[in-house]
Amino acid sequence: CHTLRTSSDGVHIEMKEQEYRLVMTKRISQRNCLILWLVDISDFPASLHAGMADIIGPDNPVVLVGTKVDLLGSVDMGVARTAVRASMLEGWKSSGLGQKCQLAAMHMISASTGFGVASLIADIGSQWRSRGDIFVVGSANAGKSTLFNRLLPLMCGMSASGRGGATVAKWP
């Protein structure tokens, strides 16, 4: 939050995939952190990558967050969320992640509408508090930027709107 308040520049980084994996593995798996792993429910289970287990490490708790629940439309939301949640848990287990990573919680949200975000924040607050960093990970278009931009004013007391968003990318 401090860097976002004091700097208006995005960071441009270029590196090869192997170098990136090594840097991220050292940065995440070797520290005490909470992982918010976002998965797009319309792209599930493709957005669960078993290789992430090495980057996350066995000791860091993971909150699996199913995003874009607003896309479920006018179906019975309770029934749909229960089915999607069961599918997410089964995908987590069948991918082998259940044996390599520590699943702390699961949430269903819509970062664009705000549905479920308050519950996610409450869970983060009660489980994690200020024990370390929080990493938001997920596949492209899983909703990481949308969630981050929604969390920023709620958790840091600042808005991303004056910057055009808290994240900057050449491509969507």
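Two strands count as paired if DSSP finds at least two bridges between them, and strands themselves are DSSP runs of E with at least two residues, while helices are runs of H or I with at least four, both numbered from the N terminus. Keep that in mind for the first stop: select Asp40 and look across to β2, where Thr67 stands opposite.

Before moving on, a word on what is on your screen. This is a predicted model, in which local features need pLDDT of at least 70 and side-chain atom pairs count only at pLDDT 80 or more, while totals for chains, interfaces and linings use all residues. Residues are numbered from 1 along each chain as its sequence is written, and side-chain values use heavy atoms, with hydrogens and water left out.

**The whole chain**

Switch to a cartoon view. You should find seven helices and four strands. Walking from the N terminus, the order is α-α-β-α-β-α-α-β-α-β-α. Of the 172 residues, 36% count as buried, where buried means under 20% relative accessible area, exposed means over 50%, and partly exposed is in between (1.4 Å probe, protein chains only).

**The sheet**

Now select the strands. They make an open sheet of four in the order β3-β2-β1-β4, with parallel pairing. At the edges sit β3 (102–108) and β4, each of which pairs on one side only. On average, neighbouring strands here are turned by 25° against each other, direction ignored; the angle is taken between lines fitted to C-alpha atoms (for helices over the stretch in contact), on a scale from 0 to 180 degrees between N-to-C directions. As background, strands of a sheet pair through backbone hydrogen bonds, either parallel or antiparallel.

Go across the sheet one pair at a time:

- β3 and β2: six bridges join them in the parallel sense. Click Leu64 and you can find its bridge partner in β3, Met106.
- β2 and β1: select residues 61–67 for β2, which pairs with β1 in the parallel sense over six bridges.
- β1 and β4: β4 covers residues 133–138 and runs parallel to β1, joined by six bridges. Here Trp37 has Val137 as its bridge partner in β4.

**Strand β1 up close**

Select residues 33–40. How many of the eight residues of β1 are buried? Eight of its eight are, so to speak a strand that is mostly covered. Turn the strand around and you'll find both faces covered: Cys33, Ile35, Trp37 and Val39 are buried on one side, and Leu34, Leu36, Leu38 and Asp40 on the other.

Stay on Cys33 for a moment: its relative accessibility is 0%, which is why it counts as buried. Jump to Cys101 next, buried as well with a relative accessible area of 7%. If you are hunting for disulfides (a pair of cysteine sulfur atoms within 2.5 Å), the count is zero.

**Two salt bridges**

Side chains of opposite charge can pair when their charged atoms come close. A salt bridge here is a side-chain nitrogen of Lys or Arg within 4 Å of a carboxyl oxygen of Asp or Glu. Searching the whole structure turns up two of them.

For one, select Arg31 and Asp133, whose closest N and O atoms are 2.8 Å apart. Arg31 lies in the loop between α2 (17–29) and β1 and Asp133 in strand β4, so this pair ties together parts that are 102 residues apart in sequence. Arg31 is partly exposed at 30% relative accessible area, and Asp133 is partly exposed at 34%.

For the other, select Lys68 and Asp40, with 3.1 Å from N to O. Lys68 is in the loop between β2 and α4 (77–94) and Asp40 is in strand β1, so the pair ties together parts 28 residues apart in sequence. Is Lys68 buried or partly exposed? At 25% relative accessibility, Lys68 counts as partly exposed, whereas Asp40, at 9%, counts as buried.

**Two last stops**

Switch to a surface view and pick Tyr20, which sits in helix α2 and is partly exposed at 44% relative accessibility. Together with Met15 and Val23, Tyr20 forms a nonpolar surface patch with about 260 Å² of accessible area. Patches are made of residues with over 30% relative accessible area and no salt bridge, joining like charges within 9 Å and nonpolar side chains (Val, Leu, Ile, Met, Phe, Trp, Tyr) within 5 Å. The areas come from the Shrake-Rupley method with a 1.4 Å probe, and for residues only the protein chains shown count as cover.

Finish at Gly91 in helix α4, a buried residue with 7% relative accessible area. Select Leu48 too: the two are 43 residues apart in sequence and 7.7 Å apart in space, C-alpha to C-alpha.
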